[in-house]
Amino acid sequence: MSDSTFKRFVEVGRVVLLKSGPYAGKIAVIAEIIDHNRAIIDGPTTSVPRQSYPYKHLTLTPLALTKLPRGSRSSTIKKQIEKEDTVNKWNNSEWAKKRAAVEKRRGLNDFARFNVMLEKKRRRDGVRKAIKASKA
């Protein structure tokens, strides 16, 4: 058998990112698989309550809790998350940092966007001058 190209699987203990609903953008853990369409998720450290969630509204992350038994309670999941420092791993990932930057950019007002434009112009001008000086 050849190695599979897929690395993320729907499994108990898999950390997921919620794509829609009132908890969109937060992470949770798959606690139990219901069927081919839904799973029970729980996010005791990210204030996501235990609930049934469809797979089409979840994104699988590369993070997973090891040796989490099926149907674990919130307290067990919370202990495992804290033990493996999963939330910190997620916050330090490039994916989470990029999402935070996009959210920060979306939250800017008109004046802040104007200042960002001016800073980009300043940086671009500095790079252009440095390149011209190095060629001369």
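At 34% relative accessibility, Thr76 falls in the partly exposed class, a value that, like those that follow, was computed from a predicted model. Thr76 belongs to helix α1, and its C-alpha atom is separated by 9.7 Å from that of Pro44, although the two residues are 32 residues apart along the chain.

The helix that carries Thr76, α1, spans residues 74–84 and lies across four strands, namely β2 (27–33), β3 (38–43), β4 and β5, with its direction at about 130 degrees to that of β2. A further helix, α3 (residues 94–106), also packs on the sheet, where α3 touches β1 and β5 and makes an angle of about 135 degrees with the direction of β5.

The sheet itself is open and consists of five strands in the order β4-β3-β2-β1-β5, paired in antiparallel fashion. Strands β4 (48–54) and β5 (58–64) occupy the edges, and because each has a single partner strand, one side of each remains without a neighbour in the sheet. From one strand to the next, the twist averages 40 degrees. In general, the strands of a sheet pair through backbone hydrogen bonds, in either a parallel or an antiparallel arrangement. For the edge strand β5, the partner is β1 (residues 14–18), to which β5 is joined by four bridges, the two strands running antiparallel. Within this pairing, Leu17 has Thr59 of β5 as its bridge partner.

Helix α2 (residues 86–91) includes Thr86, which has a relative accessible area of 5% and is therefore classed as buried, the limit for that class being under 20%. When neighbours within four places in sequence are left aside, the contacts of Thr86 are with Val15, Leu63, Leu65 and Ile81. Of these residues, Val15 lies within the span of β1, residues 14–18, Leu63 within that of β5, 58–64, and Ile81 within that of helix α1, residues 74–84. The two threonines thus fall into separate accessibility classes, with Thr86 buried and Thr76 partly exposed.

A nonpolar patch on the surface is formed by Phe111, Phe114 and Met117, which together present about 310 Å² of accessible area. One of these residues, Phe114, is found in helix α4, which covers residues 110–135. The relative accessible area of Phe114 is 40%, so that this residue is classed as partly exposed, and this value also satisfies the requirement of over 30% that applies to members of a patch.

How values were computed. Residues numbered from 1 in each chain as written. Predicted model: local features only at pLDDT ≥ 70, side-chain atom pairs only at ≥ 80, totals over all residues. Heavy atoms only, no water. Patch = residues over 30% accessible without salt bridge, like charges linked within 9 Å, V, L, I, M, F, W, Y side chains within 5 Å. Areas by Shrake-Rupley, 256 points an atom, 1.4 Å probe, with all protein chains shown as cover. Salt bridge = Lys/Arg side-chain N within 4 Å of Asp/Glu carboxyl O. Buried < 20%, exposed > 50% of the residue type's maximum accessible area, 1.4 Å probe, protein only. Pairing = 2+ DSSP bridges. Axes fitted to C-alpha atoms, helices over the stretch in contact; angles between N-to-C directions. Contact = heavy atoms within 4.5 Å.
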